[in-house]
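User: I would like a close look at one part of this protein, with the charged pairs around it taken in turn. Please keep to what can be read from the model.

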Amino acid sequence: MKNEKLLKLVLTGIFAALSYVVFAFLQIKITLPGGDATSIHLGNAVCVLGALLIGGIYGGLGGAIGMTVGDLFDPVYIVYAPKTFILKLCIGLITGVIAHRIGHITTEKDNVKVLKWTIIATVGGLLFNVIFDPLVGYFYKLLILGKPAAELTLAWNVASTSINAFTSTIVSVIIYMALRPALKKSGLFLTVGGTK
């Protein structure tokens with residue numbers, strides 16, 4: 001359906017803008033020794049919410065584009081932009097596959113099952129990030145900054161990524177479960193991943 005594809009593209013742009021704003025302006029930045037930094041933010045929640053509402057590819061792209069732009073405009077994070085794009089896209093893809101291909105949350109009628117699969121999908125996408133963001137970041141820093149800087153920031157990155165995952169899970173699940181009936185009632189709810 002041509003209009004649905006256009007709507008998904010527009011929503012991808014909206015999610016990109018939202019993830020940029022949430023990441024760039026609503027973060028708590030923690031400056032680390034050596035000029036590096038990590039942050040507590042809800043940018044991942046926007047990425048996951050996009051994947052739940054419009055699918056993993058579009059939602060992941062929205063989150064990846066928004067947070068990558070945030071990295072590009074920040075002198076501390078600019079070197080991490082490629083890593084951010086890949087990892088945030090993966091969060092969306094994993095969340096989307098679990099939510100829509102396995103859990104079929106857009107066609108499921110039972111709200112308890114929808115909640116269960118929404119939580120599983122969100123945890124799956126963000127658990128990937130908790131594992132791979134610090135790991136990829138460590139090797140990325142090892143190649144760019146040298147081993148001492150990589151080891152120094154690894155523990156901080158694990159802690160901040162875990163806090164981000166925990167808060168993003170709660171926020172994205174609550175918002176999705178609140179938006180779902182409102183979008184259905186207004187006729188704006190998109191069916192993602194086909195039928196069961």
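Does V123 count as buried, partly exposed or exposed, and what is its relative accessibility? Please go on from there to the salt bridges, including the one between D133 and K88.

Analyst: The model is a predicted one. V123 counts as partly exposed, because its relative accessibility is 38%, and buried would require a value under 20% while exposed would require one over 50%. The residue sits in helix α5. A residue distant in sequence comes up beside this position: T169 is 46 residues away along the chain, yet the C-alpha atoms of V123 and T169 are 6.5 Å apart in space.

Now the charged pairs. Side chains of opposite charge can pair when their charged atoms come close. Searching the whole structure gives four salt bridges, and three of them are described here, beginning with those of D133.

Helix α5 spans residues 111–144 and contains D133, whose partner K83 belongs to helix α4. Between the side chains of K83 and D133 there is a salt bridge with an N to O distance of 3.3 Å. These two residues are 50 apart in sequence, so the pair links distant parts of the chain. Both K83 and D133 are buried.

D133 has a further salt bridge, with K88, where the closest N and O atoms are 3.6 Å apart. K88 lies in helix α4 and D133 in helix α5, so this contact ties together parts separated by 45 residues in sequence. The accessibility of D133 is 12%, which is why it counts as buried; K88, with a relative accessible area of 5%, is buried as well. Through shared partners, the salt bridges join K83, K88 and D133 into one network.

Another salt bridge brings together the side chains of K29 and D74, with 2.4 Å from N to O. K29 is part of strand β1, residues 28–31, while D74 falls in the loop between α3 (56–72) and α4 (81–102), so the pair connects parts that lie 45 residues apart in sequence. The two partners fall into separate accessibility classes: K29 is partly exposed at 35%, whereas D74 is buried at 13%.

To put the part together: V123 is a partly exposed residue of helix α5, and D133 in that helix has salt bridges to K83 and to K88. The K29 and D74 pair involves strand β1 and the loop between α3 and α4.

Terms used. Residues are numbered from 1 along each chain as its sequence is written. This is a predicted model: local features need pLDDT of at least 70, side-chain atom pairs count only at pLDDT 80 or more; totals for chains, interfaces and linings use all residues. Side-chain values use heavy atoms; hydrogens and water are left out. Helices (H or I, at least four residues) and strands (E, at least two) are DSSP runs, numbered from the N terminus. Buried means under 20% relative accessible area, exposed over 50%, partly exposed in between (1.4 Å probe, protein chains only).
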